[in-house]
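Let's take a look at how a ligand and a protein fit together. Have the sequence and the 3D view open while you read.

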Amino acid sequence: MNMSPQIRIFSYLPNPRVWKSLITAKFAGVNVEVTGDKPKNLSNWLWDYDARAMSEEEKSVSSYVRKGKRGFSGVLYKTDEFLEAHPFGTVPAAFVGNNKTGVFESNSIMRSVARLGNSDTLYGQNDPSISSRIDSFLDANLVFSREHQVYILSIESLNKYTYERMKAAYDFYLDGIESALSKSNYISGNDLTLADISFVCDFAQFLREGKYQEPLKNQGFNIISQDIKETHPKSINHLLNLSELDEFSSVMGSYLDWYKK
Ligand SMILES: N[C@@H](CCC(=O)N[C@@H](CS)C(=O)NCC(=O)O)C(=O)O
C-alpha cells in the first residue's frame, strides 16, 4: 500500500478549516499529511512546501520576510515558491499530487481530497448537477465564514456595523441551511456531502462566540447564536448529530464539549 501523502496541508493547528479535509479523508480513504504549529508559533515558521520552524538566527537573516495580511498582524516568513503556489499567501495551504500544485481555500482543499477519494456520494461524483449543488452550498458557506472571520478577529472591540453585518450573514446562511434540512436529511440532499462537513466545521467554530458573552455584553451586544435551538433547530441538531459520528469526533476531539454541556 502506498503510504506517501496524496495531499500535504500546512496550517496553524488546530484549525477547523483543516478538519474539513481530514473528515473528508476519513470518509473517502485519502492519505493527508498535516504540518504546522500553534497559531502564535506560525510566525516562527518558514511557510513553504517543506514548511519548518526557524531559529531566531535564521529569522534575522531571512530574505522571506512578509507582512501578515489577514489574521496575522506581525511578520511572517513565506518563500517565493510558497507565494507562487499560494498567491493569497494564506493557510491552510495545500500541495496536491506529485507536481505539488498549490490549492488554497479550505473548501477547495476539501474538494481536492474528495476528488482523490473513493466516495461516490461525498461530492456527487457521478452527477455534475449534484456536485454543482454541493458547490453552491460551499460558496454560501464561504461568504458566511468570511463575515465570521472579521467578527471574531474584532470581537473584543466591535463596532455596530460589523456586528449587524455578522447578524445578517448568520440569519441569511442559517435560514438557507434550515430550509434545506426541512426538505432532506442532509444539507444538499439525501447523502452526507461536503456541504455538511463544511457546515459542521465552520459553524462549530462560529458557536465559540458564546465564549465571549462578557465582552459582548460589555459592548452592548448579545450572542448572535443564543436562541439557535428555537430559531434554527434542524441546523443545530444536524451539527450536533454529525459531530457524534466517528469520522467527525475523531478529528474534532473535545472541541464542542463546552457547548454540549
Ligand atoms: N477562507 C480561507 C481563510 C484563510 C485565511 O484567511 N487564513 C489566514 C489566517 S486565519 C492567513 O493565512 N493569513 C495569512 C496572512 O496574514 O498573511 C479558508 O477557508 O481557507
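What follows is a short tour of the ligand's surroundings, with a stop at one lysine at the end.

Keep in mind that this is a predicted model. Start with the ligand, which sits in the largest pocket. Two elements each give two or more residues to the shell around the ligand: strand S6 (75–78) and helix H5 (128–153).

So who are the neighbours? There are 16 residues around the ligand, and the ones that come nearest are Lys69, Arg70, Lys78, Val91 and Ser106. By type, the shell is a mix of 6 nonpolar, 5 polar and 5 charged residues.

Now for some polar contacts. Each row below pairs an oxygen atom of the ligand with an atom of the protein.

| Residue | Protein atom | Distance to a ligand oxygen |
|---|---|---|
| Arginine 70 | polar backbone atom | 2.7 Å |
| Valine 91 | polar backbone atom | 2.7 Å |
| Glutamine 149 | N or O atom in the side chain | 2.8 Å |

How much of the ligand's accessible area does the protein cover? On its own the ligand has 520 Å² of accessible area, and the protein covers 94% of that.

Finally, find lysine 234, which has its place in helix H10 (residues 233–244). Is lysine 234 buried, partly exposed or exposed? Its relative accessible area is 40%, so lysine 234 counts as partly exposed, a label for values between 20% and 50%. You can also look from lysine 234 to alanine 204: these two are 30 residues apart along the chain, and their C-alpha atoms are separated by 15 Å.

Methods:
Residues numbered from 1 in each chain as written. Predicted model: local features only at pLDDT ≥ 70, side-chain atom pairs only at ≥ 80, totals over all residues. Heavy atoms only, no water. Near = heavy atom within 4 Å. Polar contact = N/O pair within 3.5 Å; in protein donor to acceptor, adjacent residues only side chain to side chain. Areas by Shrake-Rupley, 256 points an atom, 1.4 Å probe, with all protein chains shown as cover. 1 Å grid on protein atoms, 1.4 Å probe; cavity = no way out; pocket = protein on both sides within 12 Å on 5 of 7 lines; lining within 4 Å. Sits in = over half its atoms within 2 Å of the grid points. Helix = DSSP H or I, 4+ residues; strand = E, 2+ residues; numbered from the N terminus. Nonpolar A, V, L, I, M, F, W, Y, C, P; charged D, E, K, R; others polar. Buried < 20%, exposed > 50% of the residue type's maximum accessible area, 1.4 Å probe, protein only.
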